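Subject: Structure handover

Hello,

Here is the structure for you to look over. My notes on it follow below.

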Amino acid sequence: MKLVSTTAAVLLLVLAAPSPAHAQLTNSLNGLHDITVTHLTATADKVPADLYDFRPTDEVRTLGQILAHVANSQYAFCSAASGQDNPMSEDLEETATTKAQITAALADAFAYCDTVYASMSDEQAAMTVSFFGGDMAAGGVLAFNSMHNYEHYGNLVTYMRINGIVPPSSAGN
C-alpha cells in the first residue's frame, strides 16, 4: 500500500504543477498503457497454446493464468479509475482456460481500458476515486494499472526465456 500511496503523491504533485507536462499527463498515461498492451498482446499471441499450462513451480500461476489475471485486472483498475462499477462479473482466471479464450478475454479487457484511458482528461485524472479500500487520484490508478501489467509481463518474460522464446520486448535486439 506504501507504493500505492507514493504513486498517488507523485501523481498529485505532477497534476498540481503548472507546467507543459500537466497538459500531457493523460497522454503519457495512455502511452504507457499502449506499451504494456503491445507487449502483453504479443506475448499472448507468440506463446504456443501448449505452454499456456506451463508454470516453473507448483506454487505459481500458469502462463495462461497470468494473462487471464491481467485481463481481470484491466476491468478492476479501469472501472475504478473511471468511477464505474466493474463490468466483469466472472473470474477470467477460472473461466478462460484455453489460448483462444484467454487471448479473446485479454483483447476485450484491453479494449475496455482503452476507452477509459482515451476519454480521461487531466482534470478527471486528478479526481479522487476509491481504490483498494482507500482514495487515490484516478490517474494514479491508471499508472498503477500499467505498473501491474509490467510486473506480470516480467513474470511472463521469465516463463518465455525458460522455454527458449525471445520476449516481444527483446525481439530484434
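Contact here means heavy atoms within 4.5 Å. The model is predicted, so local features need pLDDT of at least 70 and side-chain atom pairs pLDDT 80 or more, while totals for chains, interfaces and linings use all residues. Numbering runs from 1 along each chain as its sequence is written, and side-chain values use heavy atoms, without hydrogens or water.

Core
Leaving out residues up to four places away in sequence, Val-141 touches Phe-77, Ala-80, Ala-81, Val-129, Phe-131 and Met-136. Val-141 belongs to the largest nonpolar core (buried Ala, Val, Leu, Ile, Met, Phe, Trp, Tyr and Cys joined through side-chain atoms within 4.5 Å; buried is under 20% relative accessible area, exposed over 50%, partly exposed in between, with a 1.4 Å probe and protein chains only). That core has 46 residues, and Leu-67, Val-141 and Leu-142 touch the most other members. Two or more residues each come from helices H3 (25-46), H4 (63-82), H6 (99-119) and H8 (138-162) and strand S1 (128-131). Elements are DSSP runs numbered from the N terminus: helices are H or I, at least four residues; strands are E, at least two. H4 gives the largest share, 11 residues.

Thr-115
Thr-115 sits in H6. Its relative accessibility is 46%, so Thr-115 counts as partly exposed. A polar atom of the Thr-115 side chain lies 2.6 Å from the backbone oxygen of Tyr-112. Cys-78 is 37 residues away along the chain, yet the C-alpha atoms of Cys-78 and Thr-115 are 9.1 Å apart.

Regards

Note on methods: A polar contact is a pair of N or O atoms within 3.5 Å; within protein, one must be able to donate a hydrogen and the other to accept it, and residues adjacent in sequence count only if both atoms are side-chain atoms.
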